[in-house]
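Dear colleague,

Please find below the structure that I am handing over to you. I would be grateful if you could look through it before reading my notes.

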Amino acid sequence: MCPALEALMQADGTPYSGKGVMLEPFVHQVGGHSCVLRFGEQTICKPLIPREHQFYRNLPPEMRKFTPQYNGVVSVSFEEDEEGNLCLIAYPLHSESVDYENKDPSADCQEPKSRMLKWSNKKQSPLLQENENYSKDRARNSRKEDKIMSYNREEVQQQQAEVLYFSLEKGNVVPQIKHNPWSLKCHQQQLQRMKENAKHRNQYKFILLENLTFCYSVPCVLDLKMGTRQHGDDASEEKKANQIRKCQQSTSASIGVRLCGMQVYQSDSGQLMFMNKYHGRKLTLAGFKEALYQFFHNGRRLRHELLSPVLRRLREMKDALEACESYRFYSSSLLIIYDGDPPRTPSRPRHRGGEEGDEDEPSDEEEEEEEGAFGFPRSSSTSTAGGLSGGSSSRSSHGVGEASSPEVDVRMIDFAHTTCRHYGEDSVVHEGQDSGFIFGLQNLITIISELEDHSTD
C-alpha cells in the first residue's frame with residue numbers, strides 16, 4: 001500500500017486488509033452513465049477518462065471551489081471473495097508514471113492476473129441479490145396507486161419506471177438509503193462490461209474524487225445537464241446528430257439546462273423519490289420548473305431557506321465561468337445537494353463545500369404549506385420554445401440571513417468532453433466564454449429566483 005493511498009483510507013475510515021479496498025455501489029448517484037463507486041466514507045471513484053483526468057490534474061484555480069476534490073488514481077480489478085461473490089477491488093498504482101488511459105479491452109493489461117475468472121458458476125454480488133429479493137418482496141407486498149412502482153433489473157434496463165418512490169429504512173438516527181435504481185443500473189452495466197472483457201484484461205484505472213454527499217444524513221441530489229450543446233468536438237456524426245436531437249427535444253435548447261436525475265426525501269411519507277434522465281428529457285419548460293419545486297419541497301413545505309444559498313453559489317459559479325477563457329464544458333452536469341433530514345440541534349457540522357451557519361428546522365408538527373402556494377402552475381402547453389429573460393444577480397435574499405443559511409452544496413461534475421486551448425492535442429480551439437453553459441446558469445438563477453419570490457408571498 002502506497003503511503004498516499006493508505007493516508008487517504010485512514011482519513012476515510014476505510015478498513016484495509018492488506019489486499020486492496022472493496023468498492024461498493026454509490027447509492028447517491030442519480031445521473032450519468034459512468035459507474036460511480038464508493039471507495040470510503042469521504043471518497044468515491046469512477047472509470048478514468050483521459051480528458052476528464054487531465055481536467056482535474058490541471059484545474060483552473062478559480063474552478064476549484066466548484067468541483068469535487070481530486071484525490072488520485074487507483075487500479076481496479078474484478079475478483080472473487082471468500083464466498084465466491086464477484087467484487088471490484090481497488091489497488092494503489094505502482095507508479096505515477098504509468099499510462100493512465102483505459103485502453104482497448106483487447107490490449108494486454110499492465111498488471112496481468114495470475115488466473116482468469118470463470119463466470120459460469122459464480123454468484124451474484126450480495127448487493128444485487130439483495131436488490132432482486134427486495135424487488136420481489138416489494139412487488140408482492142406494496143402497491144401505492146399508479147405512481148408507486150415496483151421495479152426489477154429488467155424494468156430499469158428497458159428505461160421504464162422513470163419516477164419511483166421508495167420507503168426508506170429507519171436506522172438508529174436517520175433513514176437509510178439502500179436502493180437507488182440508477183446507481184444499481186450503472187453498477188450492473190459496469191460489472192457486465194468488465195465481465196465481458198475479462199479474457200483480455202482485468203485491470204482498469206479509476207479516479208478518486210471527493211464524496212460530495214458525505215456530511216448529509218439523507219442527501220437530496222439534483223443532477224442538471226448544462227449547456228445548449230452536449231457533443232464534444234471529437235464526436236462522430238452519428239453521436240453529434242443524436243446529441244443535437246436530445247437537446248432540441250428537451251429544455252437544453254430553449255434554456256440551456258435539463259434534468260438528468262433527482263432524488264429527494266419527502267419527510268411526510270418517509271419516502272425517497274427518484275426521477276431519471278428519461279423523464280427529464282420529456283419535461284417542458286413548465287414541467288422543468290415544477291420538478292425544481294418538487295426538489296426543494298419536503299412533502300410538507302417548500303424549503304425556501306435553501307433557495308438563497310443556492311442562488312448565491314450559482315451566481316459565484318457564473319462569475320467564475322465568465323472568467324474562464326477558451327473552456328467548453330460540453331456534457332458537464334451541475335449537482336445541487338442538501339440534507340433531506342437535517343438534525344434539529346442548532347450546532348451541526350458544515351460541509352466544506354456548502355454554506356456556513358446553522359438552520360433551525362421546523363418540527364414535523366408545523367403547519368403544512370397551503371395548496372396552491374407553488375408559483376409555477378402546471379401548463380397544458382407542450383412547447384419548450386423560448387428562453388428566460390431578466391437577470392437576478394442583484395436580487396437580495398429573503399428571510400434567512402447569511403449566518404443562518406442551511407447546509408447546501410452546488411458543484412460541477414463530469415468533464416469527459418471538456419476542452420480548452422491548453423489541451424494541445426485538440427483540433428478545435430474555442431475563444432471566449434462557454435456561452436451555452438452560462439446561458440443555462442442564468443436561466444436556472446432566474447427560475448429559482450422566481451420560486452424564491454413566490455415562496456415569500
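The notes that follow go from the chain as a whole to the barrel, the nonpolar cores and the aromatic residues.

Please bear in mind throughout that this is a predicted model.

**The chain as a whole**

The protein chain has 457 residues, of which 55% are buried. Its secondary structure comprises eleven helices and 16 strands. Among the contacts in the chain with a separation of 6 or more, 80% are between residues 24 or more positions apart. The accessible surface amounts to about 21100 Å², and carbon and sulfur atoms account for 46% of that surface.

**The barrel**

Six strands, in the order β1-β2-β3-β9-β4-β5, close into a barrel with antiparallel pairing. Strand β9, which covers residues 204-210, is a useful place to start, as seven of its seven residues are buried.

In the barrel order, β9 stands between β3 and β4. With strand β3 (residues 43-47), β9 forms an antiparallel pairing over five bridges; here Thr43 has Glu210 of β9 as its bridge partner. With strand β4 (residues 70-80), the pairing of β9 is again antiparallel and runs over six bridges, and Val73 is matched with Ile207 of β9.

Strand β3 also pairs with strand β2 (residues 37-38), in the antiparallel sense and over two bridges. In that pairing, Arg38 stands opposite Ile44 of β3.

**The nonpolar cores**

The largest nonpolar core contains 73 residues, and Phe296 and Leu334 have the most contacts inside it. Helix α11 (residues 435-455) provides the largest share of this core, namely eight residues.

Which residues does Phe296 touch, leaving aside those up to four places away in sequence? They are Arg301, Leu302, Arg303, Leu306, Leu307, Val310, Ile336, Tyr338, Ile448 and Leu451.

A second core, separate from the one just described, has 17 residues. Phe39, Phe78, Leu88 and Leu208 are included in this second core.

**The aromatic residues**

There are 14 aromatic pairs in the structure. In one of them, the ring centres of Phe55 and Tyr56 are 5.8 Å apart and the ring planes meet at 75°, so this pair is edge-to-face. Both partners are covered: Phe55 is buried at a relative accessible area of 0%, and Tyr56 is buried at 6%.

The pair of Tyr327 and Phe329 is stacked, with 5.6 Å from centre to centre and 5° between the planes. Tyr327 is buried, with a relative accessible area of 6%, and Phe329 is buried as well, at 2%.

Are these residues part of a wider arrangement, and which others does it take in? Ring pairs join Phe55, Tyr56, Tyr70, Tyr327, Phe329, Phe415 and Phe437 into a cluster.

A further ring is found in a contact with a charge. The charged end of Arg229 sits over the ring of Tyr330, at 4.0 Å from the ring centre.

For a first look at the model, I would suggest beginning with β9 in the barrel, then turning to Phe296 in the largest nonpolar core, and ending with the cluster of aromatic rings.

With kind regards

Technical notes:
Residues are numbered from 1 along each chain as its sequence is written. This is a predicted model: local features need pLDDT of at least 70, side-chain atom pairs count only at pLDDT 80 or more; totals for chains, interfaces and linings use all residues. Side-chain values use heavy atoms; hydrogens and water are left out. Rings of Phe, Tyr and Trp (its six-membered ring) pair if their centres lie within 6.5 Å; planes under 30 degrees apart count as stacked, over 60 as edge-to-face and the rest as tilted. Buried means under 20% relative accessible area, exposed over 50%, partly exposed in between (1.4 Å probe, protein chains only). A charge sits over a ring if NZ of Lys or CZ of Arg is within 6 Å of the ring centre and within 35 degrees of the ring normal. A nonpolar core is a set of buried Ala, Val, Leu, Ile, Met, Phe, Trp, Tyr and Cys residues joined through side-chain atoms within 4.5 Å. Helices (H or I, at least four residues) and strands (E, at least two) are DSSP runs, numbered from the N terminus. Contact means heavy atoms within 4.5 Å. Accessible areas come from the Shrake-Rupley method with a 1.4 Å probe; for residues, only the protein chains shown count as cover. Two strands pair if DSSP finds at least two bridges between them.
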